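Here are a few exercises to work through with the model open. Try each task before reading its solution.

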Amino acid sequence: MNNNIDIKQLGFNKQLETYRSQHQLDRFNVGRVVKEHKDRFLVLAPEGEIESELLGNLRYTAQSRADLPAVGDWVAITLYDGNKGIIHQVYPRHSQLERQAVGRSGEKQLIATNVDYGIIVQSLNRDFNANRIERYLTLCHQANITPMVVLSKIDLLGRAEADGMIQAVKDRLPQVTVLPLSNASGEGMELLRQEIQPGKTYCLLGSSGVGKSTLINQLSGSQRMDTGAI
Ligand SMILES: Nc1nc2c(ncn2[C@@H]2O[C@H](COP(=O)(O)OP(=O)(O)OP(=O)(O)O)[C@@H](O)[C@H]2O)c(=O)[nH]1
Ligand SMILES: [Mg+2]
């Protein structure tokens with residue numbers, strides 16, 4: 001179905017290639033986890049979409065959830081039956097996005113790994129909350145992810161009011177790229193497109209209703225990964 005996947009476009013870089021040869025992982029196939037459901041992982045590899053399971057040993061030797069594959073991970077796999085795979089090893093991660101799990105275990109829940117940029121989406125309508133942006137910035141910082149801020153729904157405000165809010169966010173976050181846009185009118189979309197680089201992984205962060213899914217639909221054709229609301 002999805003053959004000829006170019007893993008370089010998915011983010012497989014020189015560093016990972018070097019790791020692969022230095023750790024004798026050339027004897028395995030390589031792919032990236034894009035979906036996780038219970039004990040099953042969907043892996044994109046040059047051979048296609050591979051329905052994968054964990055090698056038993058990997059599960060038994062894992063000390064915590066963080067040792068098991070998550071969405072975004074590069075994995076060493078063996079293939080069988082054309083589109084099935086066994087995951088033997090997880091490549092080292094350069095970033096790790098997690099949240100505190102609900103319940104008393106207190107264990108961190110892994111949301112996504114190897115994300116390069118976190119796009120913090122905040123709508124400029126009445127739900128706007130500058131402190132919430134700060135919390136997502138902290139999350140990105142802890143995860144080793146470069147943040148960007150998208151201010152959505154600028155069409156719902158008058159020009160002067162929108163400009164004032166946008167400027168206030170820019171003044172408060174001088175180090176961060178801040179992009180105002182409207183999914184409704186398309187204004188600002190081109191500037192966001194120009195920010196998006198091939199071979200990089202982006203993750204949208206933001207509350208329910210701010211326009212993340214709508215934005216993903218608009219950006220079709222570029223690298224993307226929907227990891228749900230945090
Ligand atoms: N006016 C206006 N409406 C928008 C804009 N972006 C999204 N919406 C609307 O806002 C609503 C919520 O958008 P979604 O894309 O579903 O929001 P979401 O962030 O994916 O929400 P969750 O999936 O619940 O986390 C939808 O009705 C969209 O049509 C925008 O820029 N302007
Ligand atoms: Mg959504």
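**Exercise 1.** In which strand does Val 33 lie? Work out its burial and its surroundings too.

*Solution.* Keep in mind that this is a predicted model.
- Start with the secondary structure: Val 33 sits in strand S1, which covers residues 29-37.
- Next, check the surface. The relative accessible area of Val 33 is 0%, and the cut-off for buried is under 20%, so Val 33 counts as buried.
- Now list the neighbours, skipping those within four places in sequence: Val 33 is in contact with Phe 41, Leu 42, Val 43, Pro 69, Ala 70, Val 71, Gly 72, Asp 73 and Val 75.
- Finally, try a distance. From C-alpha to C-alpha, Val 33 and Ala 112 are 9.7 Å apart, with their positions 79 residues apart in sequence.

**Exercise 2.** Find the aromatic pairs, and classify those that involve Tyr 91 with Phe 12 and with Tyr 19.

*Solution.* A pair of aromatic rings is described by the distance of the centres and the angle of the planes.
- Count: there are four aromatic pairs, taking centres within 6.5 Å as the limit.
- Take Phe 12 and Tyr 91: their ring centres are 6.1 Å apart and their planes meet at 85°, so this pair is edge-to-face.
- Place that pair on the chain. Phe 12 belongs to the segment before helix H1 (14-22), while Tyr 91 is in the loop between strand S5 (84-90) and strand S6 (96-100), so this pair links distant parts of the chain, 79 residues apart.
- Check burial: Phe 12 is buried at 5% relative accessible area, and Tyr 91 is buried at 2%.
- Move to Tyr 19 and Tyr 91: with centres 5.6 Å apart and planes at 55°, the pair is tilted.
- Here Tyr 19 comes from helix H1 and Tyr 91 from the loop between S5 and S6, so the pair ties together parts 72 residues apart in sequence.
- Tyr 19 itself is partly exposed, at 21% relative accessible area.
- Put it together: ring pairs link Phe 12, Tyr 19, Trp 74 and Tyr 91 into a cluster.

**Exercise 3.** Where does Tyr 136 sit, and is Tyr 136 buried or exposed?

*Solution.*
- Tyr 136 is part of helix H3, residues 130-143.
- Its relative accessible area is 9%, so Tyr 136 is buried.
- For a distance check, go 11 residues along the chain: the C-alpha atoms of Tyr 136 and Pro 147 are 8.5 Å apart.

**Exercise 4.** Zoom out and describe the whole protein.

*Solution.*
- Secondary structure first: the protein has six helices and 11 strands.
- Then overall size. The radius of gyration is 19 Å, close to the 17 Å that the globule rule gives for 230 residues, so the protein is as compact as a globular protein of that length.
- Along the principal axes, the C-alpha atoms fill a box of roughly 60 × 45 × 30 Å.
- Burial: 45% of the 230 residues count as buried.
- Contacts: among those between residues at least 6 apart in sequence, 62% join residues at least 24 apart.
- Surface: about 12400 Å² is exposed, and carbon and sulfur atoms supply 46% of it.
- Charge: there are 26 positive and 25 negative side chains, and the centres of the two sets lie 3 Å apart.

Technical notes. Residues are numbered from 1 along each chain as its sequence is written. Chains are lettered from A and ligands numbered from 1 in the order in which they are written. This is a predicted model: local features need pLDDT of at least 70, side-chain atom pairs count only at pLDDT 80 or more; totals for chains, interfaces and linings use all residues. Side-chain values use heavy atoms; hydrogens and water are left out. Rings of Phe, Tyr and Trp (its six-membered ring) pair if their centres lie within 6.5 Å; planes under 30 degrees apart count as stacked, over 60 as edge-to-face and the rest as tilted. Helices (H or I, at least four residues) and strands (E, at least two) are DSSP runs, numbered from the N terminus. Buried means under 20% relative accessible area, exposed over 50%, partly exposed in between (1.4 Å probe, protein chains only). The radius of gyration is taken over C-alpha atoms; the globule rule is 2.2 Å times the number of residues to the power 0.38. Contact means heavy atoms within 4.5 Å. Accessible areas come from the Shrake-Rupley method with a 1.4 Å probe; for residues, only the protein chains shown count as cover. Lys and Arg count as positive and Asp and Glu as negative; His and the chain ends are not counted. The place of a charge is taken as NZ of Lys, CZ of Arg, CG of Asp or CD of Glu.
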